[in-house]
Structures are given as structure tokens and as C-alpha cells.
Amino acid sequence: MATGEEELDVGQAKKEDEFGSLLRLSPKSKSNAEFITSLRANFADHSGVQDVHVNGDGEVKKPSYKAWTKKTGDMLEIPAIDFTNSALQEEREQYDITVKLFYLPGASIEKRATETREAIQLVLKELHIPSIDLLIVSFPGIYFDEQEDCPDKLSTRGPVEADPEPLESLLEAWKTIEQLHDEGIVLKLGIAEFGKERLEALLDKARVPPAVDQINLRDCCSVPKDLMALAKSKKVELLVHNDCSNVLPRGTVRELLGQGPDGAGVLAEPSKAGDKRKSLHGEEQTNGRSHDCLVGDVQPQWVVKYTAVVRNRGVIENKGYFAAAELTD
Amino acid sequence: MGLLAVGTPLDWPEAKKVADHVREWGIEQLLAIWNRAKGKERDALLWGDEIEYLVVSFDDEKREVKLSLRQADILEALANDAELLKQGGGVPDLAVGEAKSARSAPTFHPEFGRFMLEATPGRPWGIGFKDLLDVEQDMKWRRQIAKDHIFAYEYPVTLTTFPMLGDRKSITPFYEPSGPKLRSQFVPDEIANPHIRFPTLAANIRWRRGRKVELNVPVFHDENTSKPWKDPTVNYDLHNWPEDDDVRNGAAKDDHIYMDAMAFGMGSCCLQITFQATNIAEGRKMYDQLSPLGPILLALTAATPIYKGFLADTDVRWNQISAAVDDRTPEELGEKPLKHDRWRIPKSRYASNSTYISQDPRLRPEYLDPDLVVDEKLKARLVEGGMDDILATHFAHLFIRDPIVVFAEDLKELDLSKTDHFENLQSTNWQHMRFKPPPPGNDIGWRVEVRPMEIQITDFENAAFSVFVVLITRAILSFDLNFYIPIPRTTENMETAHKRDAVLDDKFYFRKDPLPRRSGRTNGTASPRSRPNTPQPSRPHTPGPVEDEYELMTVDEIINGKPASGFPGLIPLVESYLDSVNVDVETRCELAQYLALIRGRANGELWTAAKWIRHFVREHEEYKKDSVVTDGMAFDLVKAAERITVNEGRDGFAREMLGRR
């Protein structure tokens, strides 16, 4: 807190959590629900929130976050990450490992280069592997289908939370992942939701061209012909995804980490304007509800999703997420 | 169905004497396979489908359709097609010339009925998603090749059964019924493949049973159908064979369509899928997990509403095949006290399976069949030979049957590098799932065959169901799904699937929660649960009563989900799987069409073939609301099937069944 800024590794969600929650959802539910629900479940598992008892006053008593998180430098792991038992069952060559990195709306663009490496390193460490097959990066506010005639599609897309970035900033991020490609850490590069114009521009400027453009079809199964033609001619594979554009909204992080009934009890309740109870120093003096917890504004930075599929069997052996947010006073 | 070695088949009394001998050798061969292949690992997912056709012959002028008994000629033509052989196709069993090619043409196989063809892809499919799109094209190619090798007025239709089979006239060339092998009053011996194995199979089943097989299908009572209804085609005055007494002894039941030969069952066309598992453990898991899906797949593919020229009150073929090869004696059936036979046997050789075989800790003993009949002596030998108890139980259950077709030449010497005696029993146990050990002499792994589905009229539908089953297996393995229910419930579900419109109107026992229990172990650290002084989690680890684990659900709920109770549905599970793997746009959109077909069949937006055919008959101008399917109606119906096969609904015809395409 000394710097007034802290990075929160807001969590990890893994296959066993995720499928359990994802599959209980109706097909119409939002496509980040699986991720959010599994984050919540993982927090609950580690924090013991599920086991708390409501005391006589009807107040929920949560254990201190310090018991189940880990602080290294200015980074707080929620929960503490242990990489010992997460290796893949078979040799690296048996797998097709795809990683998707979501740069979230409102996150700082300047830090992307460092954060990209951080995110990839977490995945490599988690799976005990030296490289991944495909890295797809997803930029906020970009949708391939803006001009498309598919009303259903636009209505299911959800609110647009960010304006698309200028090409220069996309290209800047691309340089970082080209670097990872040069180093042999990432074998193929991809982007998500690029329409024809953007894809063309990227193909034009990129030193390592994208091998994949991942698009969300939302039941329409109508791909703009010019995008299809461009992808074919430049050997860019058009893959399907079903992720929503902002997988981790700010309010959700607050709720997940907050003091509510399903929260992990890490973050203090946000202060209302003119709220006199708000402390100016670090930990909050609460109205008797919680003990130590973090205070400040939380800003989600990135989410990384990884999937390891056994190549010749089509079986998903491992899947999970890491997410990061920043806390500022 | 491959043709086994040719030799001198034993008549039943002789075969019966050597039954123990064949079984013992079969068990020794099984142990040899077991010891050779139990450690086989890392086999890829390979899979194949089998399509079976009826070859029909049209006479447009007379408005007649007949079954063509030219299987042998057609296979001969296919086997001698130099171009096909060059591409790896042909008829492996006839083995004319060398088959070599980069491109793998489909292969054709003889089947029990002399009016049937079976075709399989030239090479097995993988899990490359582009492979999944090749399936339909390959099925279309197969049908085209078949069509190219038959007469212009013939057509290979994929109806499960020929509506007029057994009318004593609709076969070409014509043969008189009442031959020495089948002794059927409706169909001639020539209805069966002439390869000695098939007539022997039919004759020895009849001989062992002590009378003809007996198929009674409930008739569909329409407005003008008499009640009680007596099958008007039954001849009570035939005196060619002792078995002609069967009908005088009450074999034909009131209100039922009566049939009396193996051809009425084994002449049905099915859609079967076989998977190779990565190792024996995965194979055993797939066998168990797919088993409860069998009756659901049967109801979804229902396509059999007509027998012998009458509308039936059932929608599927399954029980008819079961009765058509039921070799049980009156003692085994429980009609007489046990005196000569070893035990009473609750099911035909062709029936839903009765065993689970996985060493999965989720398999509770309560799921197993309490009435399972097992040959304890053979089981003890398997266990002594190193096989675990649950798998030994499975095979010792299959081996309660007698070998039906035994060739004298094969009994001279036990060859442990062969599997003929094992396969003799294994391949005449026609259960809805089959667990197949690796064959000797090549690199094929442990396989699981899914057998309940009815053939569909179009290649589009057959591809859709094949691909759906493949995707379900991937979802089962990826998500570690659990579909276990007590196996007697699956047997009951199989009966339910027969009812008219069961797919919409009936409910099936199904597991409420197929999702894995959250492990609590996340990221390797000891979870709070295992720490002392932490309260125990609210969800109990000891399982509750088995009866609480399952409930009755509609096919729609099973396939599309039941949001109220949180049951996800098989299609959403498959979609979740597809969302988690890299699938290209074109493939995903094609797969979406397949899933839409199955979703529509389950929720009633699309009709099953059974419903469509029944509707077609009832709307036909010749129909007198008396359950009778006339020759003219049969002609129009089979013509309609051809039209549907060719156009797949794109001309608007049969849109009720196929949707807008």
C-alpha cells in the first residue's frame, strides 16, 4: 500500500471448478459466467467462506484474507498459488495448448508488455511446460461484426464498455507477442474479433502475421464474405469462440472480493461520497463487520485462459484462468 | 458382420455337445488377448460408422416395390470394380485383387439379409474436426457407389425395415416360403445370405429353442381396426414342418402382428458406431457411460412403425431383433421347471446390456444387475488367469450362451494366436453396447461399439447422429461426466423407448447430476476442508440412497437440459465442449446443423422417421384407417424415402422430419 498501488492476482480458476459451474448454466447465460462462478468457488474453497456461521446478530464473520493469500513484493496472490501438482499427465507433444489473453477495458496500456509476459509465465509455470502452441490476444471494445446484418448477434453482445483502440496501440501490443514468438515461447499468434479492415491492417504491419482470428458467431453462422476471403488468402484460420468481450467487469471483481454474502472478504466495501467512516489510513475501521481488509479502487487488468487438449483424442485435460487487477488508493 | 471361416457347420445336437469345449477355448483365447493387450496405451481416438442398406427394386408402371435378393451379385460387382479397388474400396471379404490407395474408398460387406448391404468408411475417422465434416460426404459417396453397382430401377434405401417383408410376394427373384432352414410360413430360406454361416445360425437358433422364433408386435389400433385384431396373414393350415404347429399352439397373439423368422429381426438396418479408446481403462469407462444413453438414442432415432404390411403400435426395431434371435429354451425362459438346462435367463442374446465393467470408483455396487447370470466356473478361470473380477464377470456373463455355429474343423487344435472361439460367443451376444478387445496381429486398440441407433433415411441424419455420439464421448472424457444409473433402469428405459412417440410422450430414468463433484483440491494445496479445526463442508462425501441420484426425465430434458433442476442437457454439454476447443468457423456451423437436428427431434419441432412414416401412411388416399399398409402405399412410401434421401428436405418434402435446410 506504500506505493498506493498494488497488484492483485485476483485469482485462479481451474477445470474442476469451472466445468462444475459452467455446465449448470443455461445455454443463454452470459459466457463469462463459468469463469466468474469458478473464481467464486475457488475463493470460497480457500477462504473457508462456505463454512462460516452466521452469528447471533445475523452478521457473517469471515476469516482474514491473510490466512489464504500470499504477498510477494507488491503482488498479492488470491488465493496463494501452488504450482506443485498441476503438471500435465503426458509429454508436451501430446497436447495442443491454447492461451487467450484478455486485455480488459480501462487497464493501463503502458503496462501491457510486462503484464503479457507475467500472464504467460503463470500458465507455463502452472502446466510445467516451456511453450504454448497458440496465443490469442483480445483487445477491449473490438467486435468483428459491427456492420453485420444480424440483429440477434448485436443484442446478445452486451454493452460496449470501451472504444476500440487506435491501430498503433494494437501494433504495440503485437510487438510484445512477436517477441514471445521469437523466443520460442509461443508457436502461433492470434487475435480475437478482428474484422476485415483491422485484420488487413495488422497483416500489413505485423512482422509475424497472425495465424488465427477468433470470432464469436452467436448462432448466426454468417461470416462476412470479405473477412472470409481475406482469411483464406492469407492463411489466417477463423476460429469460433464464445467469450464475452469484457470477461471481468470492475463491479464483478469488487463483488467477488468484497464483503457481501458471496464475497471473499478481501476488499472493503467501497466508500460512498462523503462517507465519514472511511478511514484515510490503510485498513478500514468498519462498523464492526470485518477485521482487516484492503481498501481502494480496484481496476481489473487482464485475464488469461489456458486450455490443454490431448491432440489425437480431442480430450480437454486441463483448463483454467488467472486474472489480475490493480488496487489504487 | 464379417464372414467367418468356411467349414463344415455342425447341426445343433452336435454343436451342443461341443459347447463347453468351445467356451473353454474361447476363454483361453480371451485370456491370451487380455495378457497381450491389457497394458496397451495411448491409442488415438479412431472411430468408424456402419451404414446398412435395403436394396429395393421398383416397377414404376405396376407401382410395385420389392426387396432385391441380389446381394451376392452386387457385392461381386463391387469386388471386381478395378477403380474402386485402386482407391482402397471393394469388398474385403471377397478379397479380389490388391486394395491399395492413398484415398480410401468405402468398403462393402455382406449382411444377414440377402437384400442388405453394409458399408463402412475406407479408413477410420479421427477427431480432427475436419474429419467430422467428411463423414456425411463419405456416407453419400458410399450410397453413390452402391447405386452405381445395382440396376437402374434398384435403390439402396436406409429404412430400418422393408414395410412388406413377409407378405409372401414382395421379393425378387421370387422364392416360396417354408424352406428347411427357416421353416417360416412368411419368408423363404433364400431371404438369408447363402453363406453357410447364416442359414446355420437361423436353423440352430430354431433347433435349440425347440420351435420357431416368435415375434409379436402390437398392432396400431386405428379407427377401423378390429378389436381384438387377429393377424389375417397367419396360415393355420400349413403342414410342411413340425414347427408349423407353432401357430396352432398359440404362437400368434391377438392384437399383434406375428412373424416367425430371424430375417424379420436381423433384416433390420442399424446405425452403429465403434470407438477406439486410448487404453483399456478408458474403453471400460466409455462402455459404462454410454450405456445409459442407449435407450435415449434409440427413442431419438425411432424409424420402425410398420411390420409385414401393418402399422405397429411401436416405433423401433429393437425388440423384434431380440425375439428374432432368441434361442432360449422353455426352461431358460421360465416356462418349464429347470431340468436339462443350467439356469433361467432373463434376456435374449440380443438385448440391452446387463453389466458395467469400469473400475471407476463412482460405480456403486447398487448399480449392478442383481439378477445377472454368470458362468462361475469360467469366471474363476478368468480371475485365475489374472483378469479383475468385474471384467471377468462381464465375459462370464456373455459366456452363459451356447455357441450356435460351430465348424468341425476348428475344434482340432487350440490356437491362442486366434480369437475364433472367443468371437463365436462375443459376436453372438448382441447387446446395445459391445466391449471389443484388440484383434490379434495389428495395432488396433480396445474398442467400444454403440449399437442401439436406428438407421435414418438421409445421410445427413446418419452423419448427425454419428457425430453427436462422438462429441458426447469427448464431453464425457473432458468433463468427467457421470451417467451411472442402476442397470435395470436402463433395461426398463429400453422398453419405454419402444412406445409410440416415446421420444415426446414418455419419461426415462436418468441421472440428475452428471457433473463431477468439485474436488475441493484446488491448486494442489491442502484445502481448508482437510485442515483440523475447520468445519466440515456441508456437502456430504458419503453418497446418499441410489434412488435419489436419478429421476424420470423426458428426452427433451435429457438432450436440451432442465434448467429448473440444473440438469445441463447433452447438447449444451457438447456445446460447452466445442466452446473449449479450437474449432474453425465452417466446421462449427456444420456441426450446429447436426446439433439442431437432434435438438429438434428431442423437443418435438422435428419428427422422427417413425412419426413421419406413420403420418404418411395415415394420410395416404388408399388408407382405410384399418392399420393395413397396402402395396400401393408401400410403393409410394419407399419412393418417398428415395426422394428424401436424394433431396434431404431441400425440396420442401419431409421438412417436418428434417427442418429447413
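Two residues are counted as in contact when heavy atoms of theirs lie within 4.5 Å. On that basis, 76% of the contacts in chain B with a separation of 6 or more join residues 24 or more positions apart. For chain A, the corresponding share of contacts with a separation of 6 or more is 73%. The model described here is predicted, and all the values below are computed from it.

A look at each chain as a whole sets the scene. Chain B contains 23 helices and 17 strands, and 63% of its 661 residues are buried. Its accessible surface amounts to about 24,000 Å², with carbon and sulfur atoms accounting for 50%. Chain A has eight helices and ten strands. Of the 329 residues in chain A, 57% are buried. About 14,200 Å² of chain A is exposed, and 52% of this area comes from carbon and sulfur atoms.

In chain A, helix α3 offers a convenient place to begin. The helix covers residues 112-127, 16 residues in all. From first C-alpha to last, α3(A) reaches 23 Å, close to the 22 Å expected at 1.5 Å a residue. Its buried residues are A:R112, A:E115, A:T116, A:A119, A:I120, A:L122, A:V123, A:L124, A:E126 and A:L127. An α-helix has 3.6 residues a turn, so residues three or four places apart point the same way. With that in mind, it is worth following the buried positions along the helix, including A:R112, A:E115, A:A119, A:L122 and A:E126. Just after α3(A) comes A:H128, and the phi of this residue is positive, near 60°.

Chain A also holds a cis peptide bond, which links A:I78 to A:P79 with omega at about -10°. A:P79 sits in the loop that runs between β3 (75-77) and β4 (95-103) of chain A. Chain B has a cis peptide bond too, between B:K227 and B:P228, where omega is about -5°. Here the proline, B:P228, belongs to the loop between β7 (215-218) and β8 (256-259) of chain B.

The loop between β7 and β8 of chain B also contains B:W229. Is this tryptophan, B:W229, buried or exposed? Its relative accessibility is 5%, so B:W229 counts as buried, the cut-off for that class being under 20%. Leaving aside residues up to four places away in sequence, B:W229 touches B:V219, B:H221, B:D254, B:D255, B:H256, B:I257 and B:F310. B:W229 and B:K253 are 24 residues apart along the chain, and 9.2 Å separates their C-alpha atoms.

Other loops of chain B carry backbone features of their own. B:R168 is not a glycine, yet its phi is positive, at about 65°. This arginine, B:R168, is placed in the loop between β5 and β6 (171-172) of chain B, and its 29% relative accessibility makes B:R168 partly exposed. B:R183 likewise is a residue other than glycine with a positive phi, in this case near 55°. B:R183 occupies the loop between β6 and α6 (197-209) of chain B. The relative accessibility of B:R183 is 18%, and B:R183 therefore counts as buried, since the class takes in values under 20%.

The loop between α5 (129-148) and β5 (154-157) of chain B is where B:A152 is found. This alanine, B:A152, has a relative accessible area of 75% and is exposed. In sequence B:A152 and B:F58 are 94 residues apart, whereas in space 9.3 Å separates them, C-alpha to C-alpha.

Finally, a pair of helices in chain B shows how two elements pack against each other. The axes of α19 (residues 570-580) and α20 (residues 585-603) of chain B come within 11 Å and cross at roughly 170°. How are the two helices oriented relative to each other? Because angles over 145 degrees fall in this class, α19(B) and α20(B) are roughly antiparallel. From α19(B), the contact involves B:I571, B:V574, B:E575, B:L578 and B:D579. The partners from α20(B) are B:R588, B:L591, B:L595, B:I598 and B:R599. Sorted by class, the residues in this contact of α19(B) with α20(B) are six nonpolar, no polar and four charged.

Key:
Residues numbered from 1 in each chain as written. Chains lettered and ligands numbered in written order. Predicted model: local features only at pLDDT ≥ 70, side-chain atom pairs only at ≥ 80, totals over all residues. Heavy atoms only, no water. Helix = DSSP H or I, 4+ residues; strand = E, 2+ residues; numbered from the N terminus. Expected span 1.5 Å × (residues − 1). Buried < 20%, exposed > 50% of the residue type's maximum accessible area, 1.4 Å probe, protein only. Areas by Shrake-Rupley, 256 points an atom, 1.4 Å probe, with all protein chains shown as cover. Axes fitted to C-alpha atoms, helices over the stretch in contact; angles between N-to-C directions. Parallel < 35°, antiparallel > 145°, perpendicular 65-115°, else oblique. Nonpolar A, V, L, I, M, F, W, Y, C, P; charged D, E, K, R; others polar.
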